[in-house]
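Here's a friendly tour of one protein chain, covering its backbone oddities, its ring pairs and its surface patches. Keep the 3D view open and follow along.

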Amino acid sequence: MPRAAIPTRRQNLTVLAASLALGGLVLAGCGAAEGAGQPVAAPSSSPTACAATPPDAALPAGQVTFGVNPDWGSETLEQYTDATRLVPGAAVSFVGMPLTDTDARNVTAAAEQVAATGGVLVLTLEPHDGLAAVTDAAITDLTDLLGEIDATGVPVLVRFAHEMNGSWYAWGQQPEAYVATFRRVAAAVHDEAPASQMLWAPNYGGGYPFAGGRHAAEVGTPDGERLDVDGDGELTQADDPYAPYYPGDDAVDWVGMSLYHWGSTYPWGEDEVPEEGKFAAQLTGTYDGLGGDDSNLPDFYATY
């Protein structure tokens, strides 16, 4: 199957909206709604249908889908559906990269469960040994696995090295190496497993550059200089938290974001509903509310 064209912003926004609602879960578009953003109540006798739309398909206006990040070891998607009366539009599987034999078996098993729901598999790849561990052999193992899943008809969004603008992962705050590695993975996926698509998903920029993390970039290093977007010799929230990490339109098919609601007042953890319009404001770089003033951030939605 030929690779789909780069999705429209409507498709990208659907991914973003869903990831906001679930605190970082990124997923593809499907679902049913009574008007924009209003979920249909599930009948007591049967699950709400949420047939997943393949990543390259157009999405009906005013519809949003939700997905799940399952604890695969303790609950199947079927059990989740039985308990909630909802069929998720997508499900996330986290694995390391390079893939181990156990990783490959787990991803295959997850894809089989997703196939039964008609959904999308969001495959999150975590190179915990660093970007240098993403060798040609590791990429070949990935595309071989994706090819097998592609053949079953399950759409896959490959979420490679998410939250790369954070300072907490081994692949974080290394813009040049990250972009080069993402592009290598994307080229192989597009060539060898064209029914799968690439998903770029940074962390929300509030609090950037996330100083103090184990993998934080330092001023004076090549990475630090590249991230000093405004050229003032410091890394601050005035520096663009997204652009230095963007791999390019030819490599990215979908965009998403890790965006969490920890509460409205510190200390975090209390169960509080976000103030009205919070997530939309955060997406557009206009948020100034109970969680702080982030209005100097870029308009992620307009740009990506």
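## Backbone surprises

Pro 98 sits in the loop between β1 (90-96) and α3 (101-117). The peptide bond leading into it, from Met 97 to Pro 98, is cis, with omega near 10°. Bear in mind that this is a predicted model.

What joins Tyr 266 and Pro 267? A cis peptide bond joins them, and its omega is about 0°. Look for Pro 267 in the loop between β5 and α7.

Why bother pointing these out? Most peptide bonds are trans, and most residues other than glycine have a negative phi. That second habit brings us to a couple of residues with a positive phi.

Arg 85 has a phi near 65°, a positive value in a residue that isn't glycine. Its place is the loop between α2 (77-84) and β1. With 24% relative accessibility, Arg 85 counts as partly exposed.

Phe 210 also has a positive phi without being glycine, with a value near 55°. You'll find Phe 210 in the loop between β4 and α6. Is Phe 210 buried or exposed? Phe 210 is buried, because its relative accessible area is 13%, and buried means under 20%.

## Rings that pair up

Now for the aromatic side chains. A pair of aromatic rings is described by the distance of the centres and the angle of the planes. How many aromatic pairs does the count come to? It comes to 14 aromatic pairs, and here are two of them, set side by side.

| Pair | Centre to centre | Angle between planes | Type |
|---|---|---|---|
| Tyr 169 and Trp 171 | 4.3 Å | 15° | stacked |
| Trp 200 and Tyr 246 | 4.9 Å | 75° | edge-to-face |

In the stacked pair, Tyr 169 and Trp 171 are both buried.

The edge-to-face pair links distant parts of the chain, as Trp 200 and Tyr 246 are 46 residues apart. Trp 200 belongs to strand β4 (residues 196-200), while Tyr 246 is in the loop between α6 (222-227) and β5 (254-255). Trp 200 is buried, with a relative accessible area of 0%, whereas Tyr 246 counts as partly exposed at 22% relative accessibility.

Which residues do ring pairs link into a cluster with Trp 200? They are Tyr 242, Tyr 246, Phe 300 and Tyr 304.

## Patches on the surface

Time to look at the outside. Tyr 260, Trp 262, Tyr 266 and Trp 268 make a nonpolar surface patch of about 540 Å². Tyr 266 is also the residue joined to Pro 267 by a cis peptide bond. Another member of the patch, Trp 262, lies in the loop between β5 and α7 (278-283). Trp 262 is exposed, because its relative accessible area is 56% and the cut-off for exposed is over 50%.

There's a charged patch as well. Asp 101, Asp 141, Asp 144, Glu 148, Asp 191 and Glu 192 gather on the surface in a patch of negative charge. Which elements give two or more residues to the negative patch? They are α4 (136-150) and α5 (175-192). Of the contributors, α4 gives the most, with three residues. Asp 191 lies in helix α5, and at 59% relative accessibility Asp 191 counts as exposed.

Technical notes. Residues numbered from 1 in each chain as written. Predicted model: local features only at pLDDT ≥ 70, side-chain atom pairs only at ≥ 80, totals over all residues. Heavy atoms only, no water. Patch = residues over 30% accessible without salt bridge, like charges linked within 9 Å, V, L, I, M, F, W, Y side chains within 5 Å. Areas by Shrake-Rupley, 256 points an atom, 1.4 Å probe, with all protein chains shown as cover. Salt bridge = Lys/Arg side-chain N within 4 Å of Asp/Glu carboxyl O. Lys, Arg positive; Asp, Glu negative; His and termini not counted. Charge placed at Lys NZ, Arg CZ, Asp CG, Glu CD. Helix = DSSP H or I, 4+ residues; strand = E, 2+ residues; numbered from the N terminus. Buried < 20%, exposed > 50% of the residue type's maximum accessible area, 1.4 Å probe, protein only. Phe/Tyr/Trp six-rings, centres within 6.5 Å; stacked < 30°, edge-to-face > 60°.
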